[in-house]
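Morning, everyone. I have one structure to show today. Let's put it up.

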Protein chains: 2
Amino acid sequence: MAAAELKAAGLSLATAESLTGGLLGSLLTSVPGVSACYRGGVIAYATEAKAHVLGVPADLLAAHGPVSVECARAMAEGTRRLFGADFGLATTGVAGPDTQDGHPVGTLFLGLAGPAGVTHAGLFSPAPGRNEIREWAAEEAFRLLLTALPGYSG
Amino acid sequence: MAAAELKAAGLSLATAESLTGGLLGSLLTSVPGVSACYRGGVIAYATEAKAHVLGVPADLLAAHGPVSVECARAMAEGTRRLFGADFGLATTGVAGPDTQDGHPVGTLFLGLAGPAGVTHAGLFSPAPGRNEIREWAAEEAFRLLLTALPGYSG
């Protein structure tokens, strides 16, 4: 899940997780020696935590809500800054079983902040089921990160 | 993993994870509706993140190291304060494959900060293997939390 590629490139990562709720961190830290590239992250499950811990602006949350491209981008920037990492990778969305703020179950927004700026992705899960959506979201998050790594041709 | 008991008691939780690296959060957020009690957490994998994000005092880290009862207690207090939760639950230890600062693989320190103060536990894994140790550590962390919940008779 990108750990080997980060280490090979000498780059560091921090995470900011809402939908995945710690799964990105748990997958990364299952790899021995990952402390060489993974600094840590914030599980920003409550909306207030997105603002208070990650520094997502309150007016952004009020205008776009926590399930939005804008929030994913700000979460990624927030964790990159907080941990002093090369990359910040963020997930927000709806794992279900209920819709949230009008967004259907399966909605996923990813944010990636790096040395070259901030990118994002908006996706929809091909599979139903809370844990299937979370696992799919983690895979998609690592895929987005990999595309930003220098020399990665996967 | 304590989510039902927390919700029944109307209490909130925040996590601070080093050894478990997001596993506590991932297990908690696998439960639908857990946002009623789980605020979020910090994955403080790098030692600097324990100081900078969770506010573990630098002199405490210098004196006792990140794998210590003292650090586990300070991490628990830090995340409780950061997320404004009733309880803060923290893990630090050695998942392996290498020893760390003289502590053998399987060492686990847990911290729990709550309305009545801070408690801790120092344990040693009965099973070898990085991921077995992480899963055992998560079980032990939730067990410590449950003992502190009012009305729990598990």
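I'll go through the interface, then the sheet, then the helices. Keep in mind that this is a predicted model.

Start with where the chains meet. 28 residues of chain B are in contact with 28 residues of chain A. On the chain B side, the elements giving two or more residues are α2 (23-28), β2 (38-44), α5 (69-83) and α6 (130-148). Which of them gives the largest share? That is β2(B), with 7 residues. By type, the chain B side divides into 15 nonpolar, 11 polar and 2 charged residues.

Now look at the β2 strands. β2 of chain A, residues 38-44, pairs with β2(B) in the antiparallel sense, over 5 bridges. Find A:Val42: its bridge partner in β2(B) is B:Val42.

Next, β2(B) and β1 of chain B, residues 13-17. These two pair in the parallel sense, over 5 bridges. There, B:Leu13 has B:Tyr38 as its bridge partner.

Step back to the whole sheet. It is open, has 10 strands, and its pairing is mixed. The order runs β5(A)-β4(A)-β3(A)-β1(A)-β2(A)-β2(B)-β1(B)-β3(B)-β4(B)-β5(B). At the edges stand β5 (117-124) of chain A and β5 (117-124) of chain B. Each has a single partner strand, so one side of each is left without a neighbour in the sheet. On average, neighbouring strands are turned by 15° against each other, direction ignored.

Last, the helices. In chain A, α6 (residues 130-148) lies across β3 (87-93), β4 (107-114) and β5. α6(A) runs at about 30° to β4(A).

That's the tour. Questions?

Key
Residues are numbered from 1 along each chain as its sequence is written. Chains are lettered from A and ligands numbered from 1 in the order in which they are written. This is a predicted model: local features need pLDDT of at least 70, side-chain atom pairs count only at pLDDT 80 or more; totals for chains, interfaces and linings use all residues. Two residues are in contact if their C-beta atoms, placed from the backbone, lie within 7 Å. Helices (H or I, at least four residues) and strands (E, at least two) are DSSP runs, numbered from the N terminus. Ala, Val, Leu, Ile, Met, Phe, Trp, Tyr, Cys and Pro count as nonpolar, Asp, Glu, Lys and Arg as charged, and the others, Gly among them, as polar. Two strands pair if DSSP finds at least two bridges between them. Axes are lines fitted to C-alpha atoms, for helices over the stretch in contact, and angles run from 0 to 180 degrees between N-to-C directions.
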